[in-house]
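Work through the exercises below with the model open beside you. Try each task before reading its solution.

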Amino acid sequence: SLMDVVDMPCTLAEIGRVLRSGGRFCACVLHPLMDAGRFAGDSDAAPFVVEGSYFEEREYEVLSERDGISFLFRSRRYTLASYWAAIAAAGMTIDAVLAPRHPAEGSRWQRLPMFLCWTAIRL
C-alpha cells in the first residue's frame with residue numbers, strides 16, 4: 001500500500017525507525033511505469049505511450065468494473081527514484097529487486113513490468 005499513502009517518505013521513515021539493525025522490510029507496489037502511461041489503442045500491438053513526464057508524481061483514480069460491480073481505486077504515483085531516496089533516508093539499503101511480468105501470457109501487458117518488489121535491510 002506504499003503507493004496509496006499520501007506521504008510515502010514519512011511512512012518509510014517510520015518503518016526504518018521501528019526496524020532493528022539488520023531487520024528486513026519487503027514491499028510490492030504497482031510498477032511506476034504501469035501508471036505513467038497508456039496503450040494507444042485496443043490492439044495487442046498498440047504502443048505504450050507516456051504522455052507528459054514519467055517524473056511527475058501525482059494522485060490518480062481508476063474506475064474498474066468486473067462482474068457488474070464497480071470499483072474506484074485512488075492511488076499515488078511515485079517514481080523509482082522517489083522510492084529509493086525514501087528508503088535511503090530511512091536508514092535502509094536495497095537488498096533485492098524483482099519486476100515481474102503480468103501473468104496473462106500473450107497479453108500486451110506482458111511487455112511491461114507489472115509490479116516492483118523489493119527487500120530493504122535496516123543498516
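Three exercises follow, on a cavity and a pocket, a hairpin and a helix pair.

The model is predicted, so local features need pLDDT of at least 70, side-chain atom pairs count only at pLDDT 80 or more, and totals for chains, interfaces and linings use all residues. Residues are numbered from 1 along each chain as its sequence is written, and side-chain values use heavy atoms, without hydrogens and water.

**Exercise 1. Empty space**

Task: Describe the largest cavity and the largest pocket, with volumes and linings.

Solution.
- Step 1. Fix the terms: on a 1 Å grid over the protein atoms alone, a cavity is a set of points where a 1.4 Å probe fits but cannot get out; a pocket is an open set with protein on both sides within 12 Å along at least five of seven lines; lining residues have an atom within 4 Å of a point.
- Step 2. Search the whole structure: one cavity of 30 Å³ or more turns up. The largest cavity holds about 40 Å³, a volume being the space filled by probe spheres set on the points.
- Step 3. List its lining: M3, V29, L30, H31, P32, D35, R76, R77, Y78 and Y83. Strand 1 (24–30) and strand 5 (69–77) each give at least two of the lining residues. Strands are DSSP runs (E, at least two residues).
- Step 4. Turn to the largest pocket, of about 570 Å³. Its lining has 20 residues, and L30, M34, D35, Y60 and V62 are the closest to its centre.
- Step 5. Assign the pocket lining: strand 4 supplies the largest share, six residues.

**Exercise 2. The hairpin**

Task: Characterise the pairing of strand 4 with strand 5.

Solution.
- Step 1. Count bridges: nine join strand 4 (residues 58–66) to strand 5, and the two run antiparallel. Pairing requires at least two DSSP bridges.
- Step 2. Locate the end of the ladder: R66 stands opposite I69.
- Step 3. Inspect the turn: two residues lie between the strands of this hairpin, and D67 has a positive phi of about 55°.

**Exercise 3. The helix pair**

Task: How do helix 1 and helix 2 cross?

Solution.
- Step 1. Take the axes, lines fitted to C-alpha atoms over the stretch in contact, with angles from 0 to 180 degrees between N-to-C directions. Helices are DSSP runs (H or I, at least four residues).
- Step 2. Read the geometry: helix 1 (residues 8–18) and helix 2 (residues 80–89) have axes that come within 8 Å and cross at roughly 35°.
- Step 3. Name the contact (heavy atoms within 4.5 Å): M8, P9 and L12 of helix 1 meet S82, Y83, A86 and I87 of helix 2.
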